[in-house]
Amino acid sequence: MALSTIWVYAEASEGTVAATTLELLTKARELADNVEAIYAGADADAIAAQLGAHGATKVHASGDLGGALQGVPMAAAIAGAIEGNAPDAILFGTSYDGRDVAGRLSVKLDRTVITNNVDLELDGDAIVCTEPVFGGTTNVKTKFTGEKPYIVLVRPKSFAAEASSGGPATVESLTVPDTGSANAARMLNRHVEEREGPSLDEAEIVVSGGRGLGEAEKYQMIEDLAKLLGAAPGASRAIVDAGWVPYSYQVGQTGKVVKPTVYIAAGISGATQHMVGMKGSKNIIAINKDEEAPIFSIADLGIVGDVHKVVPQLIEALSSRS
Amino acid sequence: MNVVVCVKQIPDPADPGQLDPETKTLKREGKLILDESDSYGVEMALQLVDTAGDGEVTLVSMAPNSEVGGLRTALAMGAAKAILISDPALSGSDALATAKVLSAAIKRVDDADLILTATESSDGYTGTVPEQIAGLLDLPSITFAKHVEIADGTLKVQRQTDAGYDECESPLPAVVSVTAGVVEPRYPSFKGIMAAKSKPVDEVTVADLGLAADDVGWAGGDQEIISIEPAPAREAGEKVVDEGEGFQKVIEYLENLKVI
C-alpha cells in the first residue's frame with residue numbers, strides 16, 4: 001500500500017536541481033501516489049521541468065527570501081502549508097540548508113526527525129528508515145510511530161535518480177509567515193572556491209589524500225594524479241582540519257559521500273569518519289605504509305607502501321602513456 | 001560577552017561503540033571524554049570572550065551517571081563553569097528531546113549573548129540539535145561556521161557551503177554551530193587542569209529544568225527501533241607489499257576496469 005503524498009525539500013544551484021533532490025523524488029515516487037516539492041528561491045519556474053521529469057507534480061515555491069537563511073522562514077512556511085493539507089512525509093537531503101529546515105520544522109511541529117537515513121521502506125502506512133551507525137558496520141532500522149507528516153533526513157547518494165515521464169511541475173506560491181526576530185540572520189555574499197576538473201559528486205574516479213602525505217605541499221601530487229586520471233581530488237577530515245585543503249574537498253561523514261567507479265585512498269588510514277563517505281565506491285584502491293591500516297579491510301587492491309614513492313611512480317607511468 | 005557552549009561527553013572513539021541489545025541505546029557506562037568536535041566551540045568561545053574583554057564561558061552538557069570527565073577538560077581549557085543535566089529519564093532521548101533539555105539549561109544562564117555548538121556530535125551525528133536549540137529559544141542561527149567574529153555587536157560568520165562559503169551576519173543573541181578547524185583548540189595547561197577541579201558544576205535533573213519526564217528519553221520520541229543488524233561487510237581484496245612495483249599493480253587494476 002502506497003502512501004498518498006510525500007513532499008521533497010528541493011534544492012538547486014544556478015537553475016540546476018541538486019542530485020540529492022532528484023534521488024529523493026525518485027524514491028518518493030516509489031513510496032507514494034503523489035510527490036510534490038518545496039522550494040526556497042525565486043527561480044522555481046526554471047527548475048519546474050527538472051522536478052516534474054523526476055516525478056514532482058507540484059512545486060510549492062517561497063519566492064525570494066531576501067537573503068534570509070532558509071531554516072526559520074521555510075520551516076514556518078512548511079508548517080503553515082501542512083495545515084489541512086498534510087503530506088505523509090517530508091523528505092530532506094542531508095545538506096546545510098536541509099538540516100536547518102528539518103531541525104526548525106521538528107521544533108515547530110514538536111515532532112521527531114530521523115536523520116542519516118540511507119534507505120526508506122513502508123511498513124503498512126508507516127515509514128521505516130535505515131540508518132548506518134558505527135562507521136557503517138551496523139544498520140539500525142527505525143519506524144516512525146507518531147503523527148504525520150514524518151520528518152526524514154536522507155544522506156546523499158542513497159538512491160539512484162531516475163526520470164519519470166512527468167511533465168513540468170505546477171508552480172504554486174508558498175506563503176512565508178512573519179517569523180519575527182528569529183529570522184534575522186542574513187546571507188550577504190557568496191564565495192566560490194575555484195576547483196578544476198570534475199566535482200567529487202560526479203567524478204568516475206576520486207583520488208584522496210590524507211595525513212600520510214606528511215605535509216600540505218605534498219597534496220600537490222594528489223592533484224597531479226587526479227588530473228592525469230580525469231579524477232576529482234578529495235581529502236580526509238584530518239588534512240581539511242589541518243587547513244591543507246578547503247572543506248569542499250572533504251570525503252566522509254561530515255563531508256561528501258562519494259560512490260565513484262574507482263576510489264584511490266593515498267596516505268589515508270581509514271577512520272570510520274572517512275570510510276562512511278567512500279565505502280560505497282565500486283572499486284577501492286588503498287596505498288598506505290601501515291600494513292594494519294583499517295582502510296585495507298575494505299580495499300579491493302591494497303598497496304602496502306610509501307605514498308611518497310608509489311604516487312610519483314604512478315604519475316610518471318601515467319604521464320608517459322598520454 | 002557571555003558565551004554558552006554545548007558540549008557532549010562521549011565514549012572514547014578509539015573504542016568501537018556498541019548498542020545495548022536490551023535497551024537499544026548506546027552503551028555509555030565507561031569513562032566519557034570531551035567530544036573533540038566540541039573543543040573547537042570551547043576555544044572559539046574563549047577567544048571571543050577574551051577579545052570582548054569581559055564576560056565568561058559557560059558549558060552545558062547532558063550525560064548519564066553525573067559524568068564530568070569531558071567537562072573538566074573544557075573547564076581546564078578556560079571555561080568558567082558548567083551546567084550538567086544528568087537523569088536516568090534521559091536515556092533514549094532523540095535529537096529534539098536533547099535540544100529541549102539543553103535549551104532549558106541554557107535559559108538558566110544569565111545574559112547569554114551567544115550559544116555555540118559543534119555541527120554534529122562524533123557519536124550520534126544527527127546534526128539537527130543546533131538548529132533545534134535555536135528554534136526552541138526562538139533565536140536566529142547560523143550553522144556550519146568556519147570563521148566567526150563579532151564587530152559592533154553584530155555576529156559575522158563565514159558559513160560553509162558546497163562551493164565555498166557564504167558571508168552571513170546576525171544580531172545577537174544567536175546560536176552558531178562551528179566546524180572543526182574554525183580555530184585551533186588549546187591544550188589545557190597544568191594550571192588550568194588544577195583550577196578546573198574547583199570550578200562550579202551545577203548538576204540538575206529533568207524536573208529541575210521544568211520538563212516532564214515524558215518529554216524526554218524513549219517516551220519523548222515518536223519512533224521505535226525495530227532492528228539492529230550488522231551491515232553487509234565489504235571484503236578485502238588483494239594486498240601487496242610495495243617493493244618498487246606496487247604502482248604497476250595499480251596501473252593493471254585501472255586497465256582492467258578500462259578507466260585508463
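In what order do the four strands of the open sheet that includes β12(B) stand, and is their pairing parallel or antiparallel? In this predicted model, the order is β8(A)-β9(A)-β10(A)-β12(B), and the pairing is antiparallel. The sheet thus named draws its edge strands from both chains: β8 (119-123) of chain A and β12 (223-230) of chain B each pair on one side only. From one strand to the next, the twist averages 25°. The junction between the chains is formed by strand β10 (residues 138-144) of chain A, which pairs with β12(B) in the antiparallel sense over seven bridges. Within this pairing, A:Thr138 has B:Pro230 of β12(B) as its bridge partner.

A second open sheet, of six strands, also combines the two chains, in the order β15(A)-β14(A)-β16(A)-β17(A)-β18(A)-β13(B). Its pairing is parallel. The edge positions are held by β15 (232-235) of chain A and β13 (238-241) of chain B, each of which pairs on one side only. The twist averages 15° from one strand to the next. Inside this sheet, strand β17 (residues 283-288) and strand β18 (residues 301-304), both of chain A, are joined in the parallel sense over four bridges. A:Ile287 stands opposite A:Ile303 of β18(A).

Helices from both chains pack on these strands. Helix α8 (residues 307-321) of chain A lies across β16 (262-266), β17 and β18 of chain A and runs at about 130° to β17(A). Helix α7 (residues 246-256) of chain B also packs on the sheet, where it touches β16, β17 and β18 of chain A together with β13 of chain B. The direction of helix α7 of chain B makes about 165° with that of β18(A).

A further pairing between the chains involves strand β13 (residues 186-192) of chain A and strand β9 (residues 164-171) of chain B, which run antiparallel and share six bridges. Here A:Val192 has B:Gly164 of β9(B) as its bridge partner. A salt bridge between the chains is formed by the side chains of A:Glu193 and B:Lys146, with an N to O distance of 3.7 Å.

Taken as a whole, the interface brings 82 residues of chain A into contact with 77 residues of chain B. The area buried between the two chains is about 7000 Å², and carbon and sulfur atoms give 55% of that area. Between chain A and chain B there are 10 salt bridges and 43 residue pairs in polar contact, counted where both residues have pLDDT 80 or more. Helix α4 (residues 96-109) of chain A supplies eight residues, the largest share of the side of chain A that touches chain B. By class, that side of chain A comprises 34 nonpolar, 28 polar and 20 charged residues.

Within chain B, strand β7 (residues 141-151) pairs with two other strands, β10 (residues 174-178) and β8 (residues 154-160). Three bridges join β7(B) to β10(B), and these strands run parallel; B:Ser141 stands opposite B:Val175 in β10(B). The pairing of β7(B) with β8(B), in contrast, is antiparallel and extends over six bridges, with B:Glu149 opposite B:Lys156. The hairpin of β7(B) and β8(B) has two residues between the strands, and B:Asp152 takes a positive phi near 50° there.

How values were computed. Residues numbered from 1 in each chain as written. Chains lettered and ligands numbered in written order. Predicted model: local features only at pLDDT ≥ 70, side-chain atom pairs only at ≥ 80, totals over all residues. Heavy atoms only, no water. Contact = heavy atoms within 4.5 Å. Buried area = accessible area lost by both parts, 1.4 Å probe. Salt bridge = Lys/Arg side-chain N within 4 Å of Asp/Glu carboxyl O. Polar contact = N/O pair within 3.5 Å; in protein donor to acceptor, adjacent residues only side chain to side chain. Nonpolar A, V, L, I, M, F, W, Y, C, P; charged D, E, K, R; others polar. Pairing = 2+ DSSP bridges. Axes fitted to C-alpha atoms, helices over the stretch in contact; angles between N-to-C directions.
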